[in-house]
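Me: Could you walk me through this structure, one question at a time? I'd like the reasoning along with each answer.

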Amino acid sequence: MADFTKKAIRNSFLKLLNEKPLKKISVRDIVDDCNINRNTFYYHFQDIPQLTESIIKEDTERFITQYPTISSLEDCLQAIIGFALENKQAILHIYRSVSRDVYEQYQWRICEYAATTYINEILTGRNVSESDRKCLISYLKCVSFGFVIGWLESGMQDDIQTFAHRICELKLENLEEIIDRCDQK
């Protein structure tokens with residue numbers, strides 16, 4: 001029953017967050033929407049910022065579970081933006097709120113996971129030093145994070161999937177060249 005109630009709170013909050021900015025959502029709005037009392041909300045969450053962080057953390061963990069392997073740069077970028085596209089307006093409202101740092105922290109973790117998973121996949125069977133592997137992961141993580149943050153800064157107005165595809169067309173050859181130079185066979 002506790003999981004059901006917690007999920008109802010989460011769903012109500014996301015619904016409201018897709019409708020209005022975070023600063024305009026109160027605990028009263030959430031409990032009214034999911035038809036529970038305030039004490040029930042506070043049994044599960046300390047406050048709205050903790051609820052926000054809990055949702056972001058759960059979605060990050062779900063992302064990591066959902067993508068145990070990433071075999072192409074485009075899949076890497078599409079996975080990262082897919083996470084943000086699921087609740088576009090809610091993500092924008094969180095990004096434009098005092099909880100922005102929490103969102104960025106978890107977005108950084110997603111980019112790091114996706115970059116690490118992808119680089120480890122494409123380096124299989126290659127003799128690349130650990131320091132070069134770390135450098136490639138760091139490069140891709142930073143590019144991916146900048147890509148997503150730039151998109152958020154534009155208000156998610158760009159056709160991000162087409163843009164991601166075009167970036168992959170332009171950069172894939174370059175990344176392969178870099179990896180070939182790192183290969184110590």
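Here are the questions and replies, going from the overall fold to single residues.

Me: Happy to start simple: which kind of element is the chain built from, and how many are there?
Reply: This is a predicted model, so everything here is read from computed coordinates. From the N terminus on, the elements run α-α-α-α-α-α-α-α-α. With zero strands in the chain, the count comes to nine helices.

Me: How confident is the predictor, and which element has the lowest mean pLDDT?
Reply: Across the chain the average pLDDT is 85, and 91% of the residues score at least 70. At the upper end, H2 has the highest mean of the elements, 96. The lowest mean, 69, belongs to H9.

Me: What are the dimensions of the C-alpha trace along its principal axes?
Reply: The chain has 185 residues, and 43% of them are buried. Its accessible surface comes to about 10,000 Å², with 49% of that belonging to carbon and sulfur atoms. Along the principal axes, the C-alpha trace spans about 65 × 35 × 20 Å.

Me: Among contacts between residues at least 6 apart in sequence, what share joins residues at least 24 apart?
Reply: One example of a link across the sequence is the salt bridge between arginine 10 and glutamate 58, whose parts are 48 residues apart. For contacts in the chain as a whole, counting those between residues at least 6 apart, the share joining residues at least 24 apart is 71%.

Me: Now the interior: which helix gives the most to the largest nonpolar core?
Reply: In soluble globular proteins, nonpolar side chains tend to be buried together. Here the largest nonpolar core has 59 residues, and those with the most contacts inside it are Phe13, Ile30, Phe41, Tyr103 and Leu152. H1, H2, H4, H5, H6, H7, H8 and H9 each supply at least two residues of this core. With 11 residues, the helix that gives the most is H7.

Me: Which residues does leucine 152 touch, leaving aside its neighbours within four places in sequence?
Reply: Leu152 is one of the residues with the most contacts inside the largest nonpolar core. Another residue in that group, Tyr103, is also a contact partner of leucine 152. Leaving aside neighbours within four places, the full set of partners is Ile91, Leu92, Tyr95 and Tyr103.

Me: Within what arc do the buried residues of H2 fall?
Reply: The buried residues of H2 are Val27, Ile30, Val31 and Cys34. Seen down the helix axis, they line one face of H2, because they fall within an arc of 90°.

Me: Does H2 carry charge pairs too, and what separates arginine 28 from aspartate 32 in the helix?
Reply: Arginine 28 and aspartate 32 form a salt bridge, with the closest N and O atoms 3.3 Å apart. Arginine 28 is partly exposed at 38% relative accessible area, and aspartate 32 is partly exposed at 49%. They sit four residues apart in H2, so what separates them is about one helical turn.Me: Which helices does the salt bridge of arginine 10 and glutamate 58 tie together?
Reply: Side chains of opposite charge can pair when their charged atoms come close. The closest N and O atoms of arginine 10 and glutamate 58 are 2.9 Å apart. Arginine 10 counts as buried at 17% relative accessibility, whereas glutamate 58 is partly exposed at 36%. Arginine 10 lies in one helix and glutamate 58 in another, so the pair ties together H1 and H4.

Me: Which residues are linked with Arg10 in a network of salt bridges?
Reply: A search of the whole structure finds 11 salt bridges. One of them joins aspartate 59 to arginine 62, with the closest N and O atoms 3.4 Å apart. Aspartate 59 is buried at 11% relative accessible area, while arginine 62 is partly exposed at 33%. The residues linked with Arg10 in the network are Glu58, Asp59 and Arg62.

Me: Is asparagine 35 buried or exposed?
Reply: Asparagine 35 has a positive phi of about 60° although it is not a glycine. Asparagine 35 lies in the loop between H2 and H3. With a relative accessible area of 72%, asparagine 35 is exposed.

Me: And methionine 156, is that residue buried or exposed?
Reply: Methionine 156 also has a positive phi of about 60° without being a glycine. The loop that holds methionine 156 runs between H8 and H9. At a relative accessible area of 1%, methionine 156 is buried.

Technical notes: Residues numbered from 1 in each chain as written. Predicted model: local features only at pLDDT ≥ 70, side-chain atom pairs only at ≥ 80, totals over all residues. Heavy atoms only, no water. Salt bridge = Lys/Arg side-chain N within 4 Å of Asp/Glu carboxyl O. Buried < 20%, exposed > 50% of the residue type's maximum accessible area, 1.4 Å probe, protein only. pLDDT = per-residue confidence, 0-100. Arc of directions from axis to C-beta. Contact = heavy atoms within 4.5 Å. Areas by Shrake-Rupley, 256 points an atom, 1.4 Å probe, with all protein chains shown as cover. Core = buried A, V, L, I, M, F, W, Y, C linked by side-chain atoms within 4.5 Å.
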